[in-house]
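Here is a short report on a ligand site and on some strand pairings. Look over the model first, then read on.

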Amino acid sequence: MESNLNAKAELKSSPTKFIPLCVPHIAGNEWEYVKDCLDTSWVSSVGTYVNRFERMVADFAGTEYGVAAVSGTAALHTAMMVAGVEPDDELLVSSLSFIAPANAIKYCGGHPVFIDAEPNYWQMDPNRVAEFLNNDCRWSEGQLQNKATGRTVKGIVPVHILGHAVDMDPILELARKYELVIIEDATESLGATYKGRMVGHLADIACFSFNGNKVITTGGGGMIVTDNEAWAKRAKYLTTQAKDNEVEYIHHSIGYNYRLTNIQAALGCAQMEQLPAYIEKKRSIAQRYTEAFDSVDGLTTMPGAEWCDAVFWLYTILVDEKVYGENSRELLKRLADSKIQARPLWQPLHRSPAYAGSFAVGGEVADKLNQMALSLPCSVGIEDEDIHFVIEAIKTRHE
Ligand SMILES: *Cc1c(COP(=O)(O)O)cnc(C)c1O
């Protein structure tokens, strides 16, 4: 035992220990619940854990309904279908985001309109949303139309990135004025609040992700949450192959095999039990980094609006090359040499070759954030000395 401990301590102080960016933390009832699935043979798409997991997430978000899906991306695709997105519709979506919500729009045959980030909290800029709707659109036969493309503008997909909320009130007001549906991409921000309201329960319908690197994980998985009963029923129907008759296998719609398995849901139930503790840990990691980097010239710590209680899913800093003396990619490389895994933010979607030719509103802010940003290790299970090691590696640059 003792030699074991010593070996562990040695490993920790040596630079050969790898510190990952953000990995799952399995420390609760995961084994027990998964074993229960295996023992009872309820391993597939039906079982009590699926229902329980749906109820737990919906209750946490404060919504009436939760519908599990095989991934966050599948949840987004399904949410868009039930919200009435049709081929050739346009949806406004954050440019500074992981690509999944734009892809989901494409799966519906729609087209993204990429909205720039605002510089303070890095989220979808409500002023850019207003600018597009007020200046670039017109009403035509009861439909809001993009003047440049002639296509119907159907909705808005605000992406609450990195565990922080989008400033939703102005976007909700614009959606009311222009009769647009809002599909919140809350996949990165389970547990964050906006003006005291839960992210995922701010508009019509929302999605969470339980991918391996998210706030909680089911290995892979997602959830649609909404107060709309008809939409929830439709979502369940579409994610389970749109089966209208269990015996005769009659289908009135094209469905999808987007079900989450009972095993995954079992993991999810155990993870949900620990979510409050996870969020607390994420916030304390963020606080430690922020206190350490506030005094480092050339670094901007992760912002938090006073109207948001963020969960700091991925703790991210901005690096000002001129002042800090290294740019974000040089710092990334130097940290990698010390076996510290850091990561830049996503290529802004208006720059993505996969979306060449798409309509974009601004993009300069997203570009600048993409150049400067670096996400740092912030797994729920990260050890104090690992945080210390990361902080020292970043602070000692100037000495
Ligand atoms: C993770 C993520 C998703 C969904 O991801 P899945 O891997 O499909 O669960 C969707 N949108 C954003 C912004 C994400 O970060």
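## The ligand and its surroundings

An oxygen atom of the ligand lies 2.6 Å from an N or O atom in the side chain of Ser209. The model is predicted, and every distance here is computed from it. Two other side chains also make polar contacts with the ligand, through Thr187 and Lys214. The table sets out the three pairs.

| Residue | Ligand atom | Distance to a polar side-chain atom |
|---|---|---|
| Ser209 | oxygen | 2.6 Å |
| Thr187 | nitrogen | 3.1 Å |
| Lys214 | oxygen | 3.3 Å |

How much of the ligand does the protein bury? Taken alone, the ligand exposes 380 Å². The protein buries 91% of that area.

Where does the ligand sit? It occupies the largest pocket. Two elements give two or more residues each to the shell around the ligand: helix 4 (72–82) and helix 5 (100–107). Helix 4 provides the largest share, with three residues.

In total, 16 residues surround the ligand. The closest are Gly72, Thr73, Glu188, Ser209 and Lys214. Ser209 and Lys214 thus appear both in this closest group and in the table of polar contacts. By residue type, the shell holds eight polar, five nonpolar and three charged residues.

## Strand pairings

Now to the strands. Strands of a sheet pair through backbone hydrogen bonds, in a parallel or an antiparallel sense.

One open sheet has three strands, in the order 12-14-16. Its pairing is antiparallel. Which strands form the edges? They are strand 12 (299–300) and strand 16 (373–375), and each pairs on one side only. Strand 14 (residues 316–319) joins strand 16 over three bridges. Within this pair, Leu318 stands opposite Ala373 of strand 16.

A second pairing links strand 4 (residues 137–140) with strand 5 (residues 143–146). These two strands run antiparallel and are joined by four bridges. Trp139 faces Leu144 of strand 5 across the pair. Strand 4 and strand 5 form a hairpin, with two residues between them. In the turn, Glu141 has a positive phi of about 50°.

How values were computed. Residues numbered from 1 in each chain as written. Predicted model: local features only at pLDDT ≥ 70, side-chain atom pairs only at ≥ 80, totals over all residues. Heavy atoms only, no water. Near = heavy atom within 4 Å. Polar contact = N/O pair within 3.5 Å; in protein donor to acceptor, adjacent residues only side chain to side chain. Areas by Shrake-Rupley, 256 points an atom, 1.4 Å probe, with all protein chains shown as cover. 1 Å grid on protein atoms, 1.4 Å probe; cavity = no way out; pocket = protein on both sides within 12 Å on 5 of 7 lines; lining within 4 Å. Sits in = over half its atoms within 2 Å of the grid points. Nonpolar A, V, L, I, M, F, W, Y, C, P; charged D, E, K, R; others polar. Pairing = 2+ DSSP bridges.
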